[in-house]
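Work through the exercises below with the sequence and the 3D view open. Try each task before you read its solution.

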Amino acid sequence: MGALTDPKVGEFINANFVASFQKVGTFKIVGGNKQGGNVASYFLAPDGRVLHAVAGPVDGPTLLREARWVVDTLKAANKASGGDGAKFKAAFRTAHADKLRAETGLQVEAITWDAAEPSDKDTLSYKDPTGRPLAPKLPPPPIDGPDVGLSDKEFNDRQTKANAAPGGRYVECGVGLKKKRVAVNNQAVVDQLLAAHALTRIEKVYGTVFENVLGEKVSTKPVDVDTPFPWVDRAGNKVR
Amino acid sequence: MTRFLFAVAAAAALAAGGVAADKKPLPKPDTCFGTTIDFVDTPKEAAAKAKKDEKLVFVLHVSGNFEDPRFT
């Protein structure tokens, strides 16, 4: 179980968090082999607002580092905000933008205010068969480009590390002649998203993390067993 | 039919005797699922407990086997 069996992770999580888990997706069994399946870890305030997330499986030291970042940032944001909720939210979103810059060399502008939400009761809003609105896809703030305070070597070093991390991929940023391909990874995309949506409730964030960052499909269906030859069993005998 | 009733009565008597003789408490259910983290049953319960204990909440969203090392 990778990170979750690491005693240091267990000690830190049990001391600072109350843990739980939820099934939000499914996987297929095709010809006896599993296809799909993933995990996302969320660090939340007790009222369900997302402070931080880790998309995809990671090793123990990485999960521990991210969990420590949450606790340290929470303390710093509490101190800086002096009990003002709006300042606390702004501090947390700015911390995500700073983290993205430190880890990948990429610059995003933290969005420290929330746009008015569309009504769930709108006749045009999509709903699942039970009548609930679907998990929204939150737009991430655009990547402005490389941090201009970094030298080329510093930026390239960070980009190389970013590309080697889980989910490493290239995306385009900038417009016109300033258009550039830059490396991001799962964690960088999560930090980019939370630079605009930290302190949003988990039910509004999880769909974006699971589908847009990890490329999974949100589903509460049981395991989908799929075989190209459903009329025979594995030994070749007719099923009915 | 009589034989069946005797058998049921004997089984009940044995079961009652067994419980009386063996008063060990039931084992605590495994809330770690083989990990080093103690999980509560639902995120809602985790939120309530976190508020009471002045802690944060850690929620895993999984698709696939919780026991599979590739995913957790």
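**Exercise 1. Is Asp98(A) buried, partly exposed or exposed, and which side chain does Asp98(A) meet in a salt bridge?**

Solution. This is a predicted model, so every value here is computed from predicted coordinates.
Step 1. Take the relative accessible area of Asp98(A): 37%. Buried means under 20% and exposed means over 50%. Asp98(A) is therefore partly exposed.
Step 2. Find the partner. The side chain of Asp98(A) meets that of Arg101(A) in a salt bridge, 3.0 Å from N to O.
Step 3. Place the pair. Both residues lie in helix H3 (residues 85–104) of chain A. They are three residues apart, about one turn of the helix.
Step 4. Recall the principle. Side chains of opposite charge can pair when their charged atoms come close.

**Exercise 2. Which residues form salt bridges with Glu66(A) and Lys179(A), and how far apart are the atoms?**

Solution. Step 1. Start with Glu66(A). Its salt bridge is with Arg65(A), and the closest N and O atoms are 3.5 Å apart.
Step 2. Check accessibility. Glu66(A) has 1% relative accessibility, so Glu66(A) counts as buried. Arg65(A) has a relative accessible area of 49%, so Arg65(A) is partly exposed.
Step 3. Widen the view. Arg65(A) and Glu66(A) belong to a network of salt bridges with Lys99(A), Glu103(A) and Asp191(A).
Step 4. Turn to Lys179(A). Its side chain meets that of Glu172(A) at 3.8 Å, N to O. Lys179(A) is partly exposed at 48%, while Glu172(A) is exposed at 55%.
Step 5. Note the total. Over all chains, the count comes to twelve salt bridges.

**Exercise 3. Why does the length of helix H5 of chain A agree with what is expected, and how many of its residues are buried?**

Solution. Step 1. Compute the span. H5(A) covers residues 186–197, which makes twelve residues. At 1.5 Å a residue, the helix should span 16 Å.
Step 2. Compare. The end C-alpha atoms are 16 Å apart, so the two values agree.
Step 3. Count the buried residues. Twelve of the twelve are buried, so H5(A) is largely enclosed by the rest of the structure. Among them are Asn186(A), Asp191(A) and His197(A).
Step 4. Look at the ends. Asn185(A) caps the N-terminal end, with a side-chain oxygen 3.1 Å from the backbone nitrogen of Gln187(A). Just after the helix, Leu199(A) takes a positive phi of about 70°.

**Exercise 4. Where is Lys55(B) found, and which backbone oxygen does its side chain reach?**

Solution. Step 1. Locate Lys55(B). It sits in the loop between helix H2 (43–53) and strand E1 (56–63) of chain B. At 22% relative accessibility, Lys55(B) counts as partly exposed.
Step 2. List some contacts. Lys55(B) touches residues including Asn14(A), Phe17(A), Pro46(A) and Ala50(B).
Step 3. Name the oxygen. The side chain of Lys55(B) reaches the backbone oxygen of Asn14(A) at 2.8 Å.

**Exercise 5. Which residues touch the most other members of the largest nonpolar core?**

Solution. Step 1. The core has 68 residues; Phe17(A), Tyr42(A), Phe43(A) and Phe58(B) touch the most other members. Its largest share, eight residues, comes from helix H2 (residues 60–81) of chain A.
Step 2. Follow Phe58(B). Its contacts include Phe17(A), Tyr42(A), Phe43(A) and Ile37(B).

How values were computed. Residues numbered from 1 in each chain as written. Chains lettered and ligands numbered in written order. Predicted model: local features only at pLDDT ≥ 70, side-chain atom pairs only at ≥ 80, totals over all residues. Heavy atoms only, no water. Helix = DSSP H or I, 4+ residues; strand = E, 2+ residues; numbered from the N terminus. Expected span 1.5 Å × (residues − 1). Buried < 20%, exposed > 50% of the residue type's maximum accessible area, 1.4 Å probe, protein only. Polar contact = N/O pair within 3.5 Å; in protein donor to acceptor, adjacent residues only side chain to side chain. Salt bridge = Lys/Arg side-chain N within 4 Å of Asp/Glu carboxyl O. Contact = heavy atoms within 4.5 Å. Core = buried A, V, L, I, M, F, W, Y, C linked by side-chain atoms within 4.5 Å. Lists of a residue's contacts leave out its neighbours within four places in sequence.
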